[in-house]
Amino acid sequence: MLSATPASSRADRAPAVPVHAEPPAVVWERTGSRPGGLRPEEVAQRRTAAVRTERGKTAAVLGEIVESVVEPLQLLLVVVGVLSAVFGELRDAIAIFSVIVLVSAVEAISEVRAKRALQALRELSAPNALVRRAGVAVAVPVGALVVGDVLLVEAGSVVAADARVVEAEGLATDESRLTGEPVTAAKGPDPVDADAPLAERSSMLHAGTAVVAGAGQGVVVALGDETEIGRVGRLVAQAKEPPTPLQGAMAELARAALIVAVTACVLVPLLGVLRGQPPREMLLDGLTLAFATIPEELPILVTVLVALGGLRLAQRGVLLRRLRAAEAVGAITVLLADKTGTLTENRLLIERIDGDRKRVLGAAAAAHGAAPAEDPVDRALVEAAGDPASRERLARYPFDPVRRRESAVWRDPGGAWVAVKGAPEAVLDACAMSETERASVLARVARLADDGLRIIAVAERRAAYVPGDAADAEAELDFAGLAAFSDPLRAGVGDAVAELAHAGVRTIVVSGDHPETVAAAAREAGVRAPEVLHGGAPLDTLDDEELAGRLRGEAVIARATPEDKLRLVRILQDRGEAVAVTGDGVNDAPALAAANVGIAMGARGTDLAREASDLVLVDDAYPTIVGAVEGGRGLASQLRRAVAFYLGAKIALVAVIAVPLAFGLAAPFHPVHIVVLELFMDVGASVAFVSEPTAPGTMERPPRDPARRFLDGTQLSAIGLTAAALTAAVLPAFLLVHARSGAGMAIAAAVAGWLIANVAIAWSLRARPGLPLRRNVAFPVWALVALVAAFMLSLTQAGAALGVEPLTAGALRITAGVAAVGVAIAAAGRVALSLSRRL
């Protein structure tokens, strides 16, 4: 903002006083502007001299595909595919390049979706702005604004830049999505304290906020990234969520697979040539083994599994935006909940009336002067007061941040009736009352404020003449009473907080609202905190260790800035917590982006909050979070099971190929077989796993330890069991049939054994093998398709396209018998490992 970088030659001097604390005269001088606006040559000079950061457009999918292809594993696949084509194995080359394109497209689309937050930020501002230049009001594109422009706004406008207010007539804006305040913010030209929090800077207009009442003028002091909303955008761009255990495991696996694959490409041909075998055949066998080693389907596998899990979460009212959230949401240990619009409905209702209800409501509604009720307080008053009596309005004096009250003068049979409402202290200052009466009213105000209510005072008087101005009208008033308003909790919030606590997820309420209001909402939601921490400067005085100590249990933080929320997320993550953040406003976006799981409101949330989030609550219902956590835990459990099965099958595949090569035999599978078996079979099996219903009692257990490795002891045991069982079910059959009938039929035996054993072993590793078929149709359907495929490929001529010969009766008996041994090993191992309880 201008408080840091004014445009023109003054830009080199960093002012000590922020612009919201300076009087208008000083602001004019600092910006080099004037009430009539800048002259055309000044505008041209500032646009030429200004150095602006122009964000590039969202990267095209093609560019992301290129970036994906140059990753080491993908490059190795490219080399394998090219060499296969060079040596005439076009069928294998086509299969390999198909996998490369598919994997790259999946990763590229995910990257492009993740970059939409900045575009959402740019779209928050108005496309055009009304400014005064050289004494004439003109509409210009937002991109043509310069610091020093005189910005003209009125009700219905969207503010195009940060501007210092220089004139205001009943001017008020809706800043709730930027500050967390659910009421409109009155604006005026008078300076405020230099250290005033954002919500109390009444002398400033902020880009992206809406003008809801009145009209005014402001001198532009910040544009683009230098605005408050731009600052939030930079925080969003810089925020990086931590990798999930699955992401860490995949990175480690990729490094290990790369080493093994490169070793295979070198050693297999070298050993074969030393034995006197043809170099070309040995190189192709080495490439086949390398292709089998690379876990190229894993990104596709995870994408498919999470997409299916996302469909199940969608049935609970949750839109899954990012893959990482599927695993992370079930593991969250702490939830940072925004108040306004998340815990509460972001609307005001009249909670209590202190005084004669009809008199208080009538005078309060009349004080607005029959103007359109844009403010939540006015809407609630008009709705409660009903249709007012027909009167002639003689004058209206809108609310401003100096008087802190508003009034209207109406014709009365005896002369004039003045109705006034506003901040209690400001209204009482204008009332004719004793100090004792004033103290009594303020005591009642304090009691209402302790309950987190927003209070206005109402007064009136009748005069024999029409007052000439606001000071005359708002004098010697008769106190009428108080009206107290609340922002009600969303339905089911209290029960949801309790259910999450029972499942081991504690709640911390973080808001930019007033401390008393936040504390009251937290108490009503069931969050019992020993104290209310204040954001901004008070929170900055606490070092990370001290603040972390105050966040060990449930906590409440009020007046929190976007930086405060981001700091809380990072402190908790640094101490091993898996953090979820809920929010709907621009001020929530940085924390949403940095959290392990960002949860945005779908209906009322800003585009920026939704783009920065991982999950979106379609119905804005807070209890939906409980369903998301439960569904996420079930999905994560089945995802771990599916990945374990995939990796076990991958190890078995490598073993089944490597052992015959070591004995100087042909490889049981060629790349085209590997693509069919892995992409079809392993993905199919994993889809069947992830379609399993959530196990009972999921929310009765604490969340999985965030520090626990994805491939922990239980996972490694399951991987080893799957690898051993599949190897035992396929390799002996290949070797026996090869010895009796040759390589062609041995390949058929390996393919048939792989398909049959996959089905049987996967079924035995289910969490609940005896689950009724109707509870998960995907498993029996996949099993049936796999068995039919085994029959068609190994017993008919259908396998000829893949180089698979039909099995003879003897070869079929060997294949089935060996497969049965592998299944028996899997069943015995299942009992020993008790996978149904440990995974």
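**Helix contacts and aromatic pairs**

Biologist: Which elements are among those that cover the buried residues of α14?
Modeller: The model is predicted, so local features need pLDDT of at least 70 and side-chain atom pairs 80 or more, while totals for chains, interfaces and linings use all residues. Residues are numbered from 1 along each chain as its sequence is written, and side-chain values use heavy atoms, without hydrogens and water. Contact means heavy atoms within 4.5 Å, and helices (H or I, at least four residues) and strands (E, at least two) are DSSP runs numbered from the N terminus. The cover includes β10 (349-355), α15 (376-385), β12 (405-412), β13 (415-422), β14 (454-463) and β15 (478-486).

Biologist: Which residues of helix α14 (residues 357-367) are buried?
Modeller: Buried means under 20% relative accessible area with a 1.4 Å probe and protein chains only; over 50% is exposed, and in between is partly exposed. In α14 the buried residues are V360, L361, A363, A364, A366 and A367.

Biologist: How is α8 oriented to α23?
Modeller: Axes are lines fitted to C-alpha atoms over the stretch in contact, with angles from 0 to 180 degrees between N-to-C directions. The axes of α8 (residues 228-238) and α23 (residues 562-574) come within 10 Å and cross at roughly 15°. Under 35 degrees counts as roughly parallel, over 145 as roughly antiparallel, 65 to 115 as roughly perpendicular and the rest as oblique. This makes the orientation of α8 to α23 roughly parallel.

Biologist: How many nonpolar, polar and charged residues are in the contact of α8 with α23?
Modeller: From α8, R231, V232, L235 and Q238 meet P562, E563, L566 and R570 of α23. Ala, Val, Leu, Ile, Met, Phe, Trp, Tyr, Cys and Pro count as nonpolar, Asp, Glu, Lys and Arg as charged, and the others, including Gly, as polar. By class the contact has 4 nonpolar, 1 polar and 3 charged residues.

Biologist: Why are F669 and W754 stacked or edge-to-face?
Modeller: Rings of Phe, Tyr and Trp (its six-membered ring) pair if their centres lie within 6.5 Å; planes under 30 degrees apart are stacked, over 60 edge-to-face and the rest tilted. The count by this rule is 3 aromatic pairs. The centres of F669 and W754 are 6.1 Å apart and the planes stand at 75°, so the pair is edge-to-face.

Biologist: How far apart along the chain are F669 and W754?
Modeller: Both are buried. F669 lies in the loop between α26 (624-662) and α27 (671-690), W754 in helix α29 (residues 743-764), and the separation is 85 residues.
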